[in-house]
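Me: I am new to this structure and should be grateful for a close look at one part of it. Please take the aromatic rings and the strand around them as the starting point.

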Amino acid sequence: MGQLGWVWFGGRRVKIYCIPYLNAAGNQFGIIDTEANTLTLTTLGASSQISYAWLTSHGVGTKVYAIPQGNGAGNQFGIIDTQTNILTLTTLGANSQTNYTWHTSVVVGTKIYAIPRFADARNQFGIIDTETDTLTLTTLGLDAQINYRWTVSASVGTKIYCIPDFAVQGANVLGIINTQTNTVELKSIGSSFSYWWNTVKVVGTKIYCIPYLNTAGNQFGIIDTETNTLTLTTLGADPNINYTWIASAVVNKKIYCIPQQSGNLNNGGRNQFGIIDTETNTLTLTTLGADPEINYGWSASAVVGKTIYCIPTLNNLPALGFNGGNQFGIIDTETNTLTLTTLSANPQDDYRWWSAVAVEPPA
C-alpha cells in the first residue's frame with residue numbers, strides 16, 4: 001500500500017503509528033498517512049508469532065517507543081526510528097523473566113516512566129532515558145507488596161500522577177511522582193468506590209479522569225494539580241449507563257471521550273461520545289452519527305491538528321459483540337462530524353492496536 005518512509009510535497013505529512021498489543025493479526029503495525037488518509041500494514045520485522053504485549057507507546061523526537069505490559073516476549077521494547085521505519089527489539093536490560101506489569105506510561109522531557117499496576121515485580125518503575133536508550137529500574141521507595149492498581153497516568157509539568165482503577169489492596173491511592181527528585185508521594189482518594197478510570201487527559205493544570213463503566217455511577221475525577229485536590233462529578237452523565245469510554249483526545253480545551261462499545265453490555269451507551277468543555281465543565285453527549293448498534297472497538301486515538309483518529313482495536317470477537325469491521329472513526333472537531341472508513345484495513349483481521357502515536361517529520 002505504498003512505500004514506507006517520509007515522502008511529502010509542499011507540506012509536513014503527519015503519520016500515525018498504530019501499535020499491536022497481541023499478535024492476533026501477526027503483529028502488523030498500521031501506519032496512517034494523514035494527508036492522503038492511506039494505511040500501510042507492515043510488521044516492521046517483528047515476529048508474527050510472538051506476543052510482545054505493547055500496551056502503551058510514546059513518540060519522543062523521531063522515535064516511537066512501545067512499552068511491554070507483560071513478559072510474553074521476554075520484555076522486549078519496540079523502538080521505531082520513524083525516519084527509516086526500522087524497528088529495534090530490545091529488553092534495555094530488563095529481566096526477560098519478570099512480569100513488571102507496566103500497564104501505563106508517560107513522558108516527561110526526554111524520559112519515559114513505565115508505571116506498575118501490580119506488585120508482581122515488587123512495584124518496579126521502568127525509567128527510559130531516550131537520549132541514551134537506557135533503562136533504570138526502581139521502586140521509588142514503594143511498598144513492594146501492595147497492588148496500587150495504577151492503570152492510567154498523566155504528567156503536568158515535572159510531576160506524574162498515577163491513577164487507580166479499582167479500590168482493592170491499594171485502596172484508591174494516587175501516586176504523585178516528582179521527576180526532579182525521583183520520589184513518590186501517596187495520596188488517598190478517601191473512598192472505597194472503584195471508579196474504573198481507564199483514560200485520562202490533561203487540560204492546563206487539571207487532569208480529567210474519565211469513567212469506563214458505571215461502577216461508581218459514572219463519576220469523573222478532576223484533579224487540580226496546583227492544590228492536589230480531587231473533585232468527583234458526573235458532569236450530567238446518566239449514572240446508570242455504560243458509556244465504555246476507554247480512549248480520549250483533547251482539541252482546543254475540549255476532551256472527546258470515545259466509546260469502545262455500543263450496547264452489548266447492559267444499559268449500553270449506544271456509541272455516545274462525551275464531549276467535555278473544560279472551560280465550563282459541561283458535558284455534551286452525541287453519537288456524531290455513529291451507528292448505535294455497532295461495536296466499533298475504538299480503544300486508542302491520535303490527534304493531528306484539529307482532527308481526531310479513533311483507532312479500532314477489537315474487531316472479530318463475536319462473543320463480545322464486536323462487529324465494526326475495523327472502521328476508523330475520523331472526527332473533524334471544527335464541525336463535529338464523523339467519517340467512518342476502514343482505510344483499506346481487512347475487515348476480518350484483529351489488529352489489536354491498543355495505542356497510537358502521531359509523528360511529524362523533522363523540520
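Reply: The account below begins with aromatic pairs, turns to a strand and its hairpin, and ends with some single residues.

The model is predicted: local features need pLDDT of at least 70, side-chain atom pairs count only at pLDDT 80 or more, and totals for chains, interfaces and linings use all residues. Residues are numbered from 1 along each chain as its sequence is written, and side-chain values use heavy atoms, with hydrogens and water left out.

A pair of aromatic rings is described by the distance of the centres and the angle of the planes. Rings of Phe, Tyr and Trp (its six-membered ring) pair if their centres lie within 6.5 Å; planes under 30 degrees apart count as stacked, over 60 as edge-to-face and the rest as tilted. By this rule, 17 aromatic pairs are found in a search of the whole structure. In one of them, the ring centres of Phe220 and Trp245 are 5.9 Å apart with the planes at 35°, so this pair is tilted. The pair links distant parts of the chain, for Phe220 belongs to strand 18 (residues 220-224) and Trp245 to strand 20 (residues 245-251), 25 residues apart. Strands here (E, at least two residues) are DSSP runs, numbered from the N terminus.

Both Phe220 and Trp245 are buried, a term that means under 20% relative accessible area, with exposed over 50% and partly exposed in between (1.4 Å probe, protein chains only). Trp245 also pairs with Tyr243: the ring centres are 4.5 Å apart and the planes are at 10°, so these two are stacked. The relative accessible area is 2% for Tyr243, which is buried, and 0% for Trp245. Elsewhere, Phe29, Tyr52 and Trp54 form one aromatic cluster.

Strand 20 itself has 6 of its 7 residues buried, so the strand is largely enclosed by the rest of the structure. Strand 20 runs antiparallel to strand 21 (residues 254-259), and 6 bridges join them; two strands pair if DSSP finds at least two bridges between them. Ala247, for instance, has Ile258 in strand 21 as its bridge partner. The two strands form a hairpin with 2 residues between them, and Asn252 in the turn has a positive phi of about 50°.

Two further residues have a positive phi although neither is a glycine: Leu44, at about 55°, and Arg122, at about 60°. Leu44 sits in the loop between strand 3 (38-42) and strand 4 and counts as buried at 12% relative accessibility. Arg122 occupies the loop between strand 9 (111-116) and strand 10 (125-129).

Strand 4 (residues 54-60) contains His58, which counts as buried at 15% relative accessibility. The side chains of His58 and Ser105 are joined by a polar contact of 2.8 Å. Such a contact is a pair of N or O atoms within 3.5 Å; within protein, one must be able to donate a hydrogen and the other to accept it, and residues adjacent in sequence count only if both atoms are side-chain atoms. Leaving aside neighbours within four places in sequence, His58 is in contact (heavy atoms within 4.5 Å) with residues including Lys63, Tyr65 and Val357.

Thr34 lies in the loop between strand 2 (29-33) and strand 3 and, at 14% relative accessibility, counts as buried. A polar atom of the Thr34 side chain lies 2.7 Å from the backbone oxygen of Val14. Not counting residues up to four places away in sequence, Thr34 touches Val14, Ile16, Val304 and Tyr309.

Key:
Helices (H or I, at least four residues) and strands (E, at least two) are DSSP runs, numbered from the N terminus.
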